[in-house]
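User: Could you take a close look at one part of this model for me? I'd like to hear about the largest pocket and what sits around it.

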Amino acid sequence: MHVNRFLALLLGLLLAATASASGATPSASGATPSPPPHTPAATVPAPAPDPSPATVPSPVPAIARSWPVGTRPAVLRGWEPPATPYARGHRGVDLAAPSGAPVRAVAAGRVLFAGRVAGRGVVSLELTGTGTPPLRTTYEPVAPSVTEGDEITSAQPIGTLSPMTSHCPTTCLHWGLRRDETYLNPLSLLPSWLSGGAPSRLLPVLGVPLP
């Protein structure tokens, strides 16, 4: 009887040692519990692809339907953008035209200003459908025939060219273009069918003897 109890106790100790070595804890009934179910690792979503870059429109669309003066006036001085906002340059173009010549809006828009600045008549137009902020053209020196807030159509007269000032060696129209605070080349508004290529430009004649 004692021998049977001793053998049962020894068998129990051996079973306990075996379970401890395998990392399992025997249940009350002596059965080894099942391992916990496998939990899959969380799936990290792939980063979304970068959206396609937006198409940047041309800063100056060729929407002009007429020259501001004449049919294809000579350019006395072209656009010379300054290196910095406050540096020297020519923030527009000078177009030759006689005093009293009609000055036209090159494209449809709205009159932002019509009056005198520093003793000169100036007309400023906001061009329709040219983005945000919209393009603005200026014309000087001009005797305005429009007022602030007027809606203007392409090629509509907005005034007449005032007599010669010190800005040009002869009577001229200074035509400017800007978007917000950035000055742009107003000749870029002209489509090729209207500009006919590069506009003519008057240059000094040197080395030719007088008759």
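Analyst: Let's start with E140, which lies in strand 6. Keep in mind that this is a predicted model. E140 has a relative accessible area of 18%, and because buried means under 20%, this residue counts as buried. Its side chain isn't without a partner, though: a polar contact of 3.5 Å joins the side chains of E140 and R120.

Now for the pocket itself. The largest pocket holds about 400 Å³ of space. It is lined by 16 residues, and E140 is among the ones closest to the centre, along with R91, T138, H174 and Y183. As for where the lining comes from, strand 5 (120-127), strand 6 (135-140) and strand 10 (172-179) each chip in at least two residues. Strand 10 gives the largest share, with 4 residues. If you're thinking about the chemistry of the wall, the split by class is 7 polar, 6 charged and 3 nonpolar residues.

One more charged residue deserves a look, taken on its own rather than as part of the pocket. R104 sits in strand 3, which covers residues 102-104. R104 is buried yet has no salt bridge. The nearest side chain of opposite charge belongs to D94, and that is 16 Å away. What R104 does have is a backbone neighbour: a polar atom of its side chain lies 3.1 Å from the backbone oxygen of W67.

How values were computed: Residues are numbered from 1 along each chain as its sequence is written. This is a predicted model: local features need pLDDT of at least 70, side-chain atom pairs count only at pLDDT 80 or more; totals for chains, interfaces and linings use all residues. Side-chain values use heavy atoms; hydrogens and water are left out. On a 1 Å grid over the protein atoms alone, a cavity is a set of points where a 1.4 Å probe fits but cannot get out, and a pocket is an open set with protein on both sides within 12 Å along at least five of seven lines; lining residues have an atom within 4 Å of a point. Grid points are joined across faces, edges and corners, and a volume is the space filled by probe spheres set on the points. Ala, Val, Leu, Ile, Met, Phe, Trp, Tyr, Cys and Pro count as nonpolar, Asp, Glu, Lys and Arg as charged, and the others, Gly among them, as polar. Buried means under 20% relative accessible area, exposed over 50%, partly exposed in between (1.4 Å probe, protein chains only). Lys and Arg count as positive and Asp and Glu as negative; His and the chain ends are not counted. A salt bridge is a side-chain nitrogen of Lys or Arg within 4 Å of a carboxyl oxygen of Asp or Glu. A polar contact is a pair of N or O atoms within 3.5 Å; within protein, one must be able to donate a hydrogen and the other to accept it, and residues adjacent in sequence count only if both atoms are side-chain atoms.
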